[in-house]
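Good morning, everyone, and thank you for making time for this. I would like to walk slowly through one structure, beginning with its open spaces and ending with a small sheet.

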Amino acid sequence: MAGERFLPYGRQAIDESDIKAVVDALTSDHLTTGPAVETFERELAAATQSRFTVSVCNGTAALHAACFAAGVGPGDEVIVPAITFLATANCARYLEAEPKFADVDPDTGLILPSEVERLANAKTRAVLPVHLTGAAADVESIGELARKVGATVIEDAAHALGGRDTKAPIGACASSDMTIFSFHPVKQITTGEGGAISCNRDELRDRMAKFRSHGMTREPAEFQTPSPGPWYYEQHILGFNYRLTDIQAALGSSQLRKLSAFVARRRALAARYDTRLVELPAVRPVTRGDAAPGSAYHLYSVLIDFDAVGIDRAELMGRLRERGIGTQVHYIPVPMQPYYRARGWDPNDFPGAMSYYRRTLSLPLFPAMADGDVDRVVDALAASLGAR
Ligand SMILES: *Cc1c(COP(=O)(O)O)cnc(C)c1O
């Protein structure tokens, strides 16, 4: 409506301290991977209660590096949920492995441990549970199943920095081997583009650190040939240039200082949505009950029975947009994508994912929203659903 600002489904929160941190980095001696990267990695490890983090240039590179460190290679199988962002599945393909899609709970969108049990076999090299919307997947059960077949567990926590599972902060790797994060602007903290992997084992950290920088090392202790001089370096594996810059890491450290405030604000807004949405029985929050307190609430997603409300999703999104409210669908089931259909996948084999997909919608949620913005969204939703 005229005069009211547009509410996107998500957006970054940048303040003066972030701007100052970036300006300071720009005028320092290092622009790329220098001391700010080391500081950010140490701070992120502290925030996630993990021993190490390795920063990379985006969350997709983090998935690629983690799968590489897990030893994923040609002919291997990697179990991923059918509801996730494309990158969770694509990282298997980068290494010439095949993603094996697991169906999800139709009401939470989270990977079903029973599906991991069905799919796990001697070819399974990795399992990637996704903490969809920021709510914790059952990594403890999945970890037990994965260990039986010798598979590595990599948590895709692109939505979940600042959240918890029943045991520990997301990223502590209490029941997994590695956890990946994304710092894309809509995520919990941003570095523009950026990502990281947390882990507790030296050899995983070392493999990922090499992988992100051409597979090379300047550590004399690691050289296979005695060093002829100070210029010397060796390449041991085929790596990439996946480095984060010091400019981005400085922004990351500044953002990380506000992470708990961001998550607290997201939770408060989610609680307000929960309370207000009781008025609309056709609209049900995805994250409820025991899952709600630990969620990092990257997204506030709801389920709407569009057949029952007599208006389809595209129409509802259009009506909300007219009222200045942005919404999004997270996600189209990955097996629906033409690329994966061409590899033999049929989305109808995933009834849980299809049911979730048909009903889901993500409403605006970001730290700078006011309580009144939540009321505005719920009122617009009520009016849009009522107006046939
Ligand atoms: C954002 C996201 C990624 C990829 O992160 P980028 O930083 O955009 O590469 C991976 N998995 C999930 C679930 C995501 O939401």
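Before any volumes, a word on how such spaces are found: on a 1 Å grid over the protein atoms alone, a pocket is an open set of points with protein on both sides within 12 Å along at least five of seven lines, whereas a cavity is a set of points where a 1.4 Å probe fits but cannot get out, and a residue counts as lining if it has an atom within 4 Å of a point. Grid points are joined across faces, edges and corners, and a volume is the space filled by probe spheres set on the points.

Please keep in mind that this is a predicted model, in which local features need pLDDT of at least 70 and side-chain atom pairs count only at pLDDT 80 or more, while totals for chains, interfaces and linings use all residues. Residues are numbered from 1 along each chain as its sequence is written, and side-chain values use heavy atoms, with hydrogens and water left out.

Let me start with the second largest pocket, which has a volume of about 490 Å³. Its lining is made of 28 residues, and those nearest the centre are F85, L86, H159, K187 and Y331. Why does this pocket lie between two domains? Domain 1 (16–255) and domain 2 (259–386) both give residues to its lining, so the pocket lies between them; the domain bounds themselves come from an automatic or database domain assignment. Helix 3 (59–69), helix 4 (86–94) and strand 6 (178–182) each supply at least two residues of this lining, where helices (H or I, at least four residues) and strands (E, at least two) are DSSP runs numbered from the N terminus. By class, the lining divides into 12 nonpolar, 13 polar and 3 charged residues, with Ala, Val, Leu, Ile, Met, Phe, Trp, Tyr, Cys and Pro counted as nonpolar, Asp, Glu, Lys and Arg as charged, and the others, Gly among them, as polar.

The largest pocket has a volume of about 750 Å³. It is lined by 24 residues, and A209, K210, R212, M216 and E219 lie nearest its centre. Which element gives the most to this lining? That is helix 2, with 5 residues, although helix 2 (35–48), strand 1 (52–56), helix 7 (202–211) and strand 8 (216–217) each supply at least two. Here the classes are 6 nonpolar, 6 polar and 12 charged.

Turning to enclosed space, the structure holds 2 cavities of 30 Å³ or more. The largest cavity contains about 50 Å³ of space, and among the residues lining it are R11, Q12, K187, F262 and P367. K187 is thus part of this lining and is also one of the residues nearest the centre of the second largest pocket. Domain 1 and domain 2 each provide at least three residues to the lining of the largest cavity, which comprises 5 nonpolar, 4 polar and 3 charged residues. The second largest cavity, with a volume of about 30 Å³, has a lining that includes E155, D165, C173 and S175, and that lining divides into 6 nonpolar, 2 polar and 2 charged residues.

I will finish with the sheet, in which 3 strands form an open arrangement in the order 10-11-12, with antiparallel pairing; two strands pair if DSSP finds at least two bridges between them. Strands 10 and 12 stand at the edges with a single partner strand each, so one side of each is left without a neighbour in the sheet. On average, and ignoring direction, neighbouring strands of this sheet are turned by 40 degrees against each other, the axes being lines fitted to C-alpha atoms and angles running from 0 to 180 degrees between N-to-C directions.

Strand 10 (residues 283–285) meets strand 11 over 3 bridges, one partnership being P285 with V302. On the other side, 4 bridges join strand 11 to strand 12 (residues 360–363), and Y300 has L363 as its bridge partner.

Are the residues of strand 11 buried or exposed? In strand 11 (residues 300–304), 5 of 5 residues are buried, meaning under 20% relative accessible area with a 1.4 Å probe and protein chains only, against over 50% for exposed and in between for partly exposed. Y300, V302 and I304 point one way from the strand, while S301 and L303 point the other way.
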